[in-house]
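Here's a quick tour for someone meeting this structure for the first time. Have a look at it, then read on for a few places worth visiting.

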Amino acid sequence: MVLLEIQDVEKQFGGLTALSGVSLEVEKGEAHAIIGPNGAGKSTLFNCINGIYPVDGGKIRFKGKEITGLAPHKIPKLGIARTFQNVELFRNATVLNNILLGRYMHKRTHLLSETLFLPSVKKQELAARRKVEEIVDFLDLQAYRERIVAELPFGIQKSVELARALALEPELLLLDEPSSGLNPEETQDFCFWIEDIKEELGITILLVEHDMRVVTEVAERTTALDFGSVIADGKTEEVRRHPEVIRAFLGEEG
Amino acid sequence: MRFKLKKTYMEDLKLFPYKADMAWYGLLLMTLLLFPLVAGHYWIYNLTLAGIYCIVSLGLNILTGSTGQISLGHAAFFAIGAYAVGYLTTILGWSYWIALPLAGVAAAVSGLMVAVPALRLSGLYLAIATMGFGFIVEQVIVQWKGVTGGANGLLINRPSIGSWHLTSDNSYYYLVIAMVAIFVLLTKNLTRSPAGRAFVAVRDSEVAAQTMGVPLARVKVQAFVVSAFYTGIAGGLFAPLINFVGPDNFTIVESINFIVMIIVGGLGSVHGSIFGAVFITLLSEFIRISKDLIPAFLREQVGFQTAVYGLVLMLFILFEPMGIYGRWLKLKYLFQVFPLYRKDTFRRVRRFQRSERTR
């Protein structure tokens, strides 16, 4: 079943074409990688899926329903969570509060009942806290629960961001360069987590990645972008050997 | 060294994580309740005023400290609260206990009216827009004589509960203390619930907040409305305290005082709001008392007090950006980890990793 369908998406910034006619399909239950040199439009594509950038043309469908043009805060409600290339955490809040915000869209209470902290709010908060604890366990963040995010090392911040995205309980998880800025051990951890998220939690993953080792290890399918267009799409092994991809990454053969 | 072993999730939600905290706050409350027995009218009056400012700075701290939306127009909400009470009790003759909540509601509605057009603004531009709102309200107060009494202002009586009149300074002091306690509790509730987390999320990263499903516009408007409500109630308490409302009480200088309070006290924290409000109120009294010690050429300058505020603000931003509350936390930490504290524990480390923001 196709979970996310991107069809001829166009995006221009002024005169610069960031995406021209990008199409790809993400199958449910798979890990799908997007590769490409710097400036190929990978992150732009993510921002288009999230509704942060309005697209100039084309359609994005999630579970068969069109999501192009939806406000950014409505996208996660459909079941799409994401992380950012250079972590976007709430820097002055604790790790717990960061992850708890992932439960925000599941809340059933409103401002007034929260101000009075009615029993319904208390119950909901305890349930949220329990859910968060599962994720803290899953990603081994126990030692950092009460720490302020800004003072944590970058690798931990990345895990916190992943934890926050998982707290949403999404169906599709967008990971923007999960391994950038991580050391080899942390990268390896991330690969294992991606496998676990896919296998145990049944979450479909779309990731942008530069590290080809990570891509080969986790992704079943890969799409290669260059200058805003798809140059190859298919099984990771095939895309890796595709002459266009090799040309885009390594340059023309002498 | 103090370590809290948490056994249930409920312990994360508790207002007082340590039993000792409860004892300390109980002691504080007792001291405040017994204070009128030992202090004269002068100090009771000042403490009442400080209490009212506490409610304002709690409200402003939700907007500016937690949500990151600066406002230089809070004197206007304060004025709306004060005049609402003045108009409803003095001119319409309603009960104060109906007028006070309505004062909050009136301010909240005007907060909504400011917030919706101000949604697209941030930082300096928002400051200017809210300042403009402050000036508009100031003008309206002077011109709308039927409601506000124009430049003459309105006389306002202190309220009564049944046959018990709160006309004495002491009884009014107790009313204000009770209100401060209620608003501290409400603010604490906000900060430990999803709404409070959404405020902080909007401040720290708008993009991330949106991708977590936080409706940016709605949350910003909520922050404005809540903040204005607090300030309106404070205004409604302020008017009967001085038995009078006039246009002179609600100028831009007052708005700046509110900002100074929360920055000096500590942005985004309940403690900070209280520390700041009490500190600034007492500072202005201290300046008044010590006027004789200051050389004449200085004390007769126009705006001497404002200059002192400015100096205090600058010193805090330079040396203790977390305000009095930051200093307080460090002191507490020193005792908690007693033998392990180092001089550099809180030295600020410069970090260069900064995220690119998609705005």
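## The sheet in chain A

First, a bit of vocabulary: two strands count as paired if DSSP finds at least two bridges between them. Keep in mind, too, that what you're looking at is a predicted model.

With that settled, how many bridges join β1(A) to β2(A)? There are 8, and the two strands run antiparallel. Strand β1 covers residues 2-13 of chain A. To pick out one of the pairings, start at A:Ile6 and cross over to β2(A): the bridge partner there is A:Leu24.

Step back and you'll see an open sheet of 4 strands in chain A, in the order β2-β1-β4-β5, with antiparallel pairing. At the edges sit β2 (16-27) and β5 (65-66) of chain A, each pairing on one side only. Helix α1 of chain A, residues 42-49, lies across β1, β2 and β4 (57-62) of that chain. The helix runs at about 70° to β2(A).

## Where the chains meet

Now for the contact between the chains: 38 residues of chain A are in contact with 30 residues of chain B. On the chain B side, the elements giving two or more residues are α1 (10-13), α8 (169-191), α9 (194-204), α10 (206-211) and α11 (216-242).

Which of these gives the most? That's α9(B), with 7 residues. Sort the chain B side by class and you get 16 nonpolar, 10 polar and 4 charged residues.

## Two crossing helices in chain B

Over in chain B, helix α3 (residues 41-66) packs against helix α12 (residues 252-265). Their axes are 9 Å apart and the angle is about 75°, which makes α3(B) roughly perpendicular to α12(B), since 65 to 115 degrees counts as such.

Who does the touching? From α3(B) come B:Tyr53, B:Val56, B:Ser57, B:Leu60, B:Asn61, B:Thr64 and B:Gly65, and they meet B:Phe258, B:Met261, B:Ile262 and B:Gly265 of α12(B). By class, this contact has 6 nonpolar and 5 polar residues, and no charged ones.

## A glycine in a loop

Last stop: B:Gly40, in the loop between α2 (19-38) and α3 of chain B. Is B:Gly40 buried or exposed? B:Gly40 is exposed, because just 9 other C-beta atoms lie within 10 Å, and 12 or fewer counts as exposed.

For a sense of distance, try B:Gly40 and B:Ile55: they're 15 residues apart in sequence, and their C-alpha atoms are 23 Å apart in space.

Methods
Residues numbered from 1 in each chain as written. Chains lettered and ligands numbered in written order. Predicted model: local features only at pLDDT ≥ 70, side-chain atom pairs only at ≥ 80, totals over all residues. Contact = placed C-beta atoms within 7 Å. Nonpolar A, V, L, I, M, F, W, Y, C, P; charged D, E, K, R; others polar. Axes fitted to C-alpha atoms, helices over the stretch in contact; angles between N-to-C directions. Parallel < 35°, antiparallel > 145°, perpendicular 65-115°, else oblique. Buried ≥ 20, exposed ≤ 12 C-beta atoms within 10 Å, placed from the backbone.
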